[in-house]
Amino acid sequence: MKIFILGSGVMGSGIGQVFAMAGHEVTLYDVREDALKKGMESIGWSLGKLASKGVNPDEVMKRISTTTNLQEAKGSSTIIEAVYEDLKVKGDALRAVSALEKDAVIGSNTSSLPITELSRYVVIPERFLGTHFFNPPVLMKLVEVIKGDLTSEETFNHTVSLMNSLGKYPLPVRKDVFGFVVNRILFRLFTSACSLLERYSPQEVDYVAMRELGMPMGLFMLLDYTGLDVNYYITKEAERRGFPFRCSVLEAMVKAGKLGRKSNLGFYDWS
Ligand code: CAA
């Protein structure tokens, strides 16, 4: 199948890698060449790690091409949108790509925007839904498949099967609520962790999360890992929609350029 991925950041490149590893032809799109280069470097690094686990990096790489030309979305059977978490940015990207290929199923990797709201931007909302992968997509089995009010049953069932065929564990989400399922839990944990910062360091809180709660990564490590700018945007969306996700330190950190792992500095020093 021909797969088109909009956005070559951490999530877009990782999702593209997942499809290519399952044998699909993938085109990775971004507006900037340097973003594509970074995305391909990250795929190369990940495939290098997986080489000892039976993956042939060259075979997978051969199935991935890059482009800055959106017209190349024509002829794709599946399009995954993984651009910046912002309603306008996602809306513009979805409007443009959905006008080019009307037969494709389009999935958005949004973590916080309602699928029904995003579906207003696409030409055929029946063929649009949420496909929420988790970071790092190549290692995380779970994918939330979210049905918007207008998503057809056919599109929903087809996508659940497609995720199964990728070796993923699709979680069908029929209620398009803020945070879907996973982030409704996770954002509350982040809120609790952030409220502890008055008395404890991020490292102390993470120690407890990992040692006592058995999480594979501490909560502040996870905030850094998914990006403080993305999480700051999500707290704003949460506030607007009355969902309890607060983390007051994020604003100052983002304004100071501390974006987490991607900028080498956040709650942790990743350099
Ligand atoms: N590709 C290939 N290999 C990778 C990799 C990737 N993307 N990322 C890490 N690895 C490798 C590591 O380099 C390491 O290799 P070596 O053994 O050669 O050193 C190996 O995998 C194991 O990694 P770790 O030692 O770090 O061990 P781990 O068991 O902790 O696995 C992890 C890493 C899967 C990321 C784990 O830490 C984890 O599950 N973390 C939590 C991730 C999570 O919760 N993600 C969801 C975030 S929320 C989100 O994404 C959505 C949102 O909406 C905000």
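Student: Which residues point one way from strand 6, and which the other way?

Tutor: In this predicted model, strand 6 covers residues 128-133. In a regular strand the side chains alternate between the two faces of the sheet. Here L129, T131 and F133 point one way, and the residues that point the other way are F128, G130 and H132.

Student: Is strand 6 largely enclosed or exposed, and why?

Tutor: A residue counts as buried if 20 or more other C-beta atoms lie within 10 Å of its own. Six of the six residues of strand 6 meet this criterion, so the strand is largely enclosed by the rest of the structure.

Student: In which sense does strand 6 pair with strand 7?

Tutor: On the side of strand 5, strand 6 runs parallel, with three bridges, and G130 is the bridge partner of S108. G130 also has a bridge partner in strand 7, namely I146. Strand 7 spans residues 142-146, and its four bridges to strand 6 are antiparallel.

Student: Which strands form the edges of the sheet?

Tutor: The sheet is open and mixed, with eight strands in the order 3-2-1-4-5-6-7-8. An edge strand pairs on one side only. That applies to strand 3 (64-67) and strand 8 (169-173).

Student: What angle does the direction of helix 4 make with that of strand 4?

Tutor: Helix 4 (residues 87-100) packs on the sheet. The helix touches strand 1, strand 5 (105-108) and strand 4 (78-81). Its direction and that of strand 4 make an angle of about 165 degrees.

Student: Which residue of strand 2 stands opposite K2?

Tutor: Strand 1 (residues 2-6) and strand 2 (residues 25-29) run parallel and are joined by five bridges. Opposite K2, in strand 2, stands E25.

Student: Which helix gives the largest share of the largest nonpolar core?

Tutor: This core has 46 residues, and I5, L6, I15 and I79 have the most contacts inside it. Leaving aside residues up to four places away in sequence, I15 touches I5, I80, A82, N109, F133 and P137. The largest share of the core, seven residues, comes from helix 1 (residues 10-21).

Student: How many residues are in the second, separate core?

Tutor: Among its members are F190, L219, V230 and I234. The count for this core is 24 residues.

Student: How far apart are the end C-alpha atoms of residues 179-270?

Tutor: An unreviewed UniProt entry lists this span as "domain: 3-hydroxyacyl-CoA dehydrogenase C-terminal". The span is 57% helix and 0% strand. The distance between its end C-alpha atoms is 27 Å.

Conventions. Residues numbered from 1 in each chain as written. Predicted model: local features only at pLDDT ≥ 70, side-chain atom pairs only at ≥ 80, totals over all residues. UniProt positions renumbered as here; feature names shortened; annotations may be inferred. Helix = DSSP H or I, 4+ residues; strand = E, 2+ residues; numbered from the N terminus. Pairing = 2+ DSSP bridges. Contact = placed C-beta atoms within 7 Å. Axes fitted to C-alpha atoms, helices over the stretch in contact; angles between N-to-C directions. Core = buried A, V, L, I, M, F, W, Y, C linked by C-beta atoms within 7 Å. Buried ≥ 20, exposed ≤ 12 C-beta atoms within 10 Å, placed from the backbone.
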